[in-house]
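Thanks for making the time this morning. I would like to go through one structure with you, beginning with its interior and then moving out to the sheets and the helices around them.

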Amino acid sequence: MDSVKIAHANGTYLPYEARDVHEVIKRTITIPYGKPTDISPDITITLNNAGHIMGSATVHLNISGAHNILYSGDYKYAKTQLLDSAVATYPRVETLITESTYGHTGDVMPDQAFVYRSFSDSINRVLSDGGKVLIPVPAVGRAQEIMLVMAKEMSEGRLTESPIYIEGMISEASAIHMSYAHYLGADVRRSVSQGINPFTSDYFTVITGGKRDEVFNDQNPAIIMATSGMLEGGPSVEYFKQLAPDPKNKIIFVSYQINGTLGRRVLDGNVSEVSMMDKSGKVKVVPVRCQTQKIDGFSGHSDFNQIMNFVAKVKPKRVLVNHGERTKSENVASAIYSRLKIRSSVPDNREIVRLR
């Protein structure tokens, strides 16, 4: 629904409308994690926690009891502040289809304590200089993870106390997280069972309606979290327009920036100015003088080592690698074969693979 709203606001084309979303939902059947469900006379499906975002699932298919396929989708084979690690224990898997977003051998995330310390230190330096920090985030998953981290770091004194403004679909997504808290990690579930909503901390101020100008007009240091995560539509773009010209401000990216997006161009330092529409619909040039930084370690995807550990734990007879830049997919396939001695390949688009 948010995509429909943004498309209408930007005048871009989507192949579906709001009514189509409602039709899909009417035809959706939900099943819990770990419950084998027959979807045809000879296929049983089981969904398990993928650790990527709340409710994300790996898909296990048992076909006539003769062949078991595990399709990973996006997964995180590590515990985070928000979620438990992806499930990797299966009695039998003949074919594993795995993602490879971080499939380069050097795509290894630092440990959590180092990530949190680097994150807090980076923000603290900007706040001490009187600047503002913009953190563009995807509304689901990454936003809630960052909120938990900031609340923890601030309450324990490692992050300088300052206003944290939240705008976009983050609040709605956080409410859904609370409604389905049984899908979250053990630590969050424990807080919820004690009557604590970790997403409504006193540190957070939700920006709604026309209150955005109050943030712009306030000269005090602040932290701003806004969607979308790649500066492609949503309120993060409006904050970018205001904060980008001042070198005291900083944009901290905590999610993957796809090639061609404004976020990627800003992060790579390839732009000194950007032409953007103002409120009146006129094009204006926005100078990009602010600081930028990418903090690795918050990704909802497995890094290279986690992918290899996941494959080793699942123990499939064959691995098909997809969902990654071609070179990264090929690197994962090569490493699986050389290190784990498991047959692996990277299928081409539209290639038909016979499973035996």
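How many cavities of 30 Å³ or more does a search of the whole structure find? Before I answer, please keep in mind that this is a predicted model. The search finds one such cavity, and its volume comes to about 120 Å³. Its lining is made up of 15 residues, and those lying nearest the centre are Thr80, Glu145, Phe298, Ser299 and Gly300. If we ask which elements give two or more residues to that lining, they are helix H3, residues 112–128, and helix H4, residues 142–155. Sorted by class, the lining holds eight polar, four nonpolar and three charged residues.

Let me stay with those two helices for a moment. H3 and H4 pack with their axes 11 Å apart and at an angle of about 75 degrees, which makes H3 roughly perpendicular to H4. On the H3 side the contact is formed by Tyr116, Arg117, Phe119 and Ser120, and these meet Glu145, Ile146, Val149, Met150 and Glu153 in H4. By class, the residues of this contact are five nonpolar, three charged and one polar. Glu145, then, is a residue of the contact with H3, and it is also among the residues nearest the centre of the cavity.

H4 has a further partner in helix H5: the two axes come within 9 Å and cross at roughly 85 degrees, and H4 and H5 are therefore roughly perpendicular to each other. Here H4 contributes Ala143, Gln144 and Met147, while H5 contributes Ile170, Ala173, Ser174 and His177. This contact has four nonpolar and three polar residues, with no charged ones.

From H5 we can move to the sheets. Six strands form an open sheet with parallel pairing, in the order S8-S7-S9-S6-S10-S13. At its edges are strand S8, residues 204–206, and strand S13, residues 291–294, each of which pairs on one side only. Neighbouring strands in this sheet are turned against each other by 20 degrees on average, with direction ignored. Strand S7, residues 164–167, pairs with S8 in the parallel sense over three bridges, and within that pair Ile164 stands opposite Phe204. H5, residues 170–179, packs on this sheet and touches S7, S8 and strand S9, its direction making about 90 degrees with that of S7. Helix H8, residues 235–243, also packs on the sheet, where it touches S6, S7, S9 and S10, and its direction makes about 150 degrees with that of S6.

What is the strand order of the open sheet of seven strands? It runs S1-S2-S3-S4-S5-S14-S15, and the pairing is mixed. Strand S1, residues 37–40, and strand S15, residues 343–345, each have a single partner, so one side of each is left without a neighbour in the sheet. Within this sheet, strand S5 and strand S14 run parallel and are joined by four bridges, with Thr98 standing opposite Val321 in S14. Helix H10, residues 304–314, packs on the sheet in contact with S4, S5 and S14, and its direction makes about 165 degrees with that of S5.

Finally, a word on a hairpin. Strands S11, residues 273–277, and S12, residues 283–287, run antiparallel and are joined by five bridges, with Glu273 opposite Pro287. Five residues lie between the two strands, and in the turn Gly281 has a positive phi of about 90 degrees.

Terms used. Residues numbered from 1 in each chain as written. Predicted model: local features only at pLDDT ≥ 70, side-chain atom pairs only at ≥ 80, totals over all residues. Heavy atoms only, no water. 1 Å grid on protein atoms, 1.4 Å probe; cavity = no way out; pocket = protein on both sides within 12 Å on 5 of 7 lines; lining within 4 Å. Points joined across faces, edges and corners; volume = space filled by probe spheres on them. Nonpolar A, V, L, I, M, F, W, Y, C, P; charged D, E, K, R; others polar. Pairing = 2+ DSSP bridges. Axes fitted to C-alpha atoms, helices over the stretch in contact; angles between N-to-C directions. Contact = heavy atoms within 4.5 Å. Parallel < 35°, antiparallel > 145°, perpendicular 65-115°, else oblique.
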